[in-house]
Amino acid sequence: MTLRNLIIGMMMAAPALQAATPVYLDESKPLEDRVEDALSRMTLEEKVAIIHAQSKFSAPGVPRLGIPELWTTDGPMGVRPEVLWDEWEQAEWTNDSCTAFPSLTCLAATWNPEMAKLYGKSIGEEARFRNKSVLLGPGVNIYRTPLCGRNFEYMGEDPYLASRMVVPYVNGVQDNGVSVCVKHFALNNNEINRHTSNPIVDDRTLYEIYLPAFKAAATEGNAWSFMGGYNLFRGQHASYNPILMNDILKGEWGWDGAVISDWGAVHDTKSAVEGGLDMEFGSWTDGLAGGASNAYDNYWLAKPYLKGIQDGTYSEEQLNDKVRRVLRLTMRTAMDRNRPWGSMVSDEHKAACRQIGGEGIVLLQNKNNLLPVNTDKVKKIAVIGENAIKMMTVGGGSSSLKAKYEITPLDGLKARLGDKAEIVYARGYVGDPTGEYNGVVTGQNLEDPRSPEELAAEAEKVAREADIVLFFGGLNKSGHQDCEDTDRLGLELPYGQDALIERIVAANPNTAFINISGTGVAMPWASKVPAIMQAWYLGNETGNAIADVISGDVNPSGKLPYTYYATLDQCGAHKLGAYPGTPGVDVLGNEVMDMPYNEGIYVGYRFIDKNKLKPTFPFGHGLSYTTFEYGKPTVSKSVMTPDETVTVSVPVTNTGSRSGQEVVQLYIRDLKSSVDRPVKELKGFEKVDLAPGQTKVVHFEIGKDALSFFDADRHEWVAEPGKFEAVIGASSADVRGSVPFTLK
Ligand code: BGC
């Protein structure tokens, strides 16, 4: 055959080849057609195989049909290093170091949806580069108690703020052909008793406080997968809770994605099958390994389920729904041949990490304009505290990372200010000198044999001799701090820091306390320390982002995404005595810990407002190195119908001498209602960038959603006609103006 004939032959065969492409592999065909086609070709065994894990983090796909494996990875703040097939321990890869991004509380503190998009895009690119189809995050459980060990993985106390921030994160990740797995649906608001905690929550509280961010992720963000929590709800485990999964997520919200269990959250086949779970991961293979050829085959949704279908206990149609969802997830990710390739630890990701960190840092207090450090006057800087040198990307549980590098605060400050001022470091206290998680080690040796008094005395001396003191304290990622699987034991700072701070500020009144944590801590000394900054866990670029703000290169613009309680009893969950709960039983008669949410909808600033309390720092609070003045807010019309919107406008001026960003907040107050309502609720925010002297008018569109409460009896959102007030604030406590309007 001549070459010419061969080519002609191939061209003639091409249409035939094309026609032979099965629908499920043909990306030009509608997704649902492809899903149905794949489903119709699968055996019962293949269907059961696809809905549970084959390794710690993957499911098998359908090799016979060329449907690829589905690989998942933690977590919300960076792509977890590779672990062994069947273990949590390291696979010891040498090319799986990632960009560690700032904690999600920091992201929420930016109050900037563009930062959330950038975050999602960047972390999605890393997940894609590592060939993962599902990123296990973000987390949007509500900050109900400051003690929750995983607050740092979530987006704060307010459902509106978390909703607005989660949607762009989801979009950013999924643009890469990588699915998010929004977690932990729902009510996973504490780590204490995390497998047996059974929140007792009424419908109104559920819908108004704990569901909105998940709903936004599902319906506006089109998140392709969700993770169920370990906890229970009304006596049934969240990962297969029929109310949460079937009625709400897949029913009311019409969501077509796949529900993935939390790792080891499944406890029986029947409940999992019927409760809307689609994929089982992380069940304890150890216990099953004895006598079993393959532990994964013995998952609750493996052989026991297959057997149940074969003997007629369960229907194949019910299984098909789960399989369709897993196929959809796979086609949207691993089978999308047009998805981008991704990238790892790129310069763009480093820059994103630094920018998000800088925008999320919150300047809580700044008396006498102590910050930024003025190197015209400051010639000697004392840096004190373990958190100035401790690497924090390792630890905290499943979000622990193997970061490509990590710049500590001390390193960052030396790089930025070291040639302008002398920087002297003193440890001050020893907290936790270890740095290891699942075999990843920081490589730092932070042991210090000196006595607490020796350490404190040295710090005091260094402080006294300096022009300014930067005290880096707070928490870390060890157990009972910002760490999965444990809650904190109290609101206080650990390791004797309170006494040390008092001593340092007495030695040198020019002291700034920089709190490294993912949650709030008690600061009984707050009135004595002129400057206080919340600096989170900022990942790779920690030191640079902090130095940017401390030096004044970046003007702080973060605002608190949660209330900074002075004492635990300012928090409804604690004040009303329902933490950590009382013994009860679940629907199967197993012992659980009932945790009544007695505070109801009064979470965070809603509780503070209602009880007229004064927290250390209120929700939404954050200062700048410049000042902003707000003009009088106005409304586009004073009466609106339920089908209309009203526009609230407010001019904001930068009255200082530096450029800066201000987060303008809109709260709605219902002046008369048939039900008890919070004093006000956040329903809008906008971050504006203003040059010195510049004024911009900020506009908020208010529709009936912003005026509604959830009527549990009618099971619907209700906006009652009557008078409302649009309240404009620089924080939840710093109200700058208000304007009334009426809903007809
Ligand atoms: C955590 C999840 C995590 C999973 C996999 C669980 O213990 O609760 O958030 O994604 O482990 O590591």
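Guide: Welcome! One definition to begin: angles under 35 degrees count as roughly parallel. Keep in mind that this is a predicted model.

Visitor: Thanks! How are α5 and α6 oriented to each other, roughly parallel or roughly perpendicular?

Guide: Look at helix α5 (residues 113–129) and helix α6 (residues 159–174), whose axes come within 7 Å and cross at roughly 30°. Angles under 35 degrees count as roughly parallel. The two helices α5 and α6 are therefore roughly parallel.

Visitor: Which residues of α6 make the contact with α5?

Guide: Let's start on the α5 side, where P113, A116, K117, Y119, G120, K121, I123 and G124 take part. α5 passes α6 in a right-handed crossing. On the α6 side, the contact is made by R164, M165, P168, Y169, N171, G172 and V173.

Visitor: And how many residues of that contact are nonpolar?

Guide: Sorting the residues where α5 meets α6 gives three charged and four polar ones. The nonpolar ones number eight.

Visitor: Let's turn to the six-stranded open sheet. Which strands stand at its edges?

Guide: The pairing in this sheet is mixed, and its strands follow the order β1-β2-β3-β4-β6-β9. An edge strand here has a single partner, so one side of it is left without a neighbour in the sheet. The strands placed that way are β1 (58–59) and β9 (258–260).

Visitor: Which residue of β9 is the bridge partner of F226?

Guide: Strand β6 (residues 225–228) runs parallel to β9, and three bridges join them. F226 has its bridge partner in β9, and that residue is V259.

Visitor: At what angle does helix α13 run to β9?

Guide: Helix α13 (residues 316–332) lies across several strands, namely β2 (70–74), β3 (134–136), β4 (179–185), β6 and β9. Its angle to β9 is about 95°.

Visitor: There is also an open sheet of three strands. What is the bridge partner of P199 in β19?

Guide: That sheet has mixed pairing and the order β5-β19-β18, and its twist averages 45° from one strand to the next. Within it, β5 runs parallel to strand β19 (residues 591–596), with four bridges joining them. The partner of P199 in β19 is M595.

Visitor: One last stop: is S732 buried or exposed?

Guide: S732 sits in the loop between β29 (722–729) and β30 (735–743). Beyond its neighbours within four places in sequence, S732 is in contact with residues including Y605, F619, Y667 and K680. Buried means under 20% relative accessible area. At 5% relative accessibility, S732 therefore counts as buried.

Conventions:
Residues numbered from 1 in each chain as written. Predicted model: local features only at pLDDT ≥ 70, side-chain atom pairs only at ≥ 80, totals over all residues. Heavy atoms only, no water. Axes fitted to C-alpha atoms, helices over the stretch in contact; angles between N-to-C directions. Parallel < 35°, antiparallel > 145°, perpendicular 65-115°, else oblique. Left-handed = near helix turned anticlockwise from the far one by under 90°. Contact = heavy atoms within 4.5 Å. Nonpolar A, V, L, I, M, F, W, Y, C, P; charged D, E, K, R; others polar. Pairing = 2+ DSSP bridges. Buried < 20%, exposed > 50% of the residue type's maximum accessible area, 1.4 Å probe, protein only.
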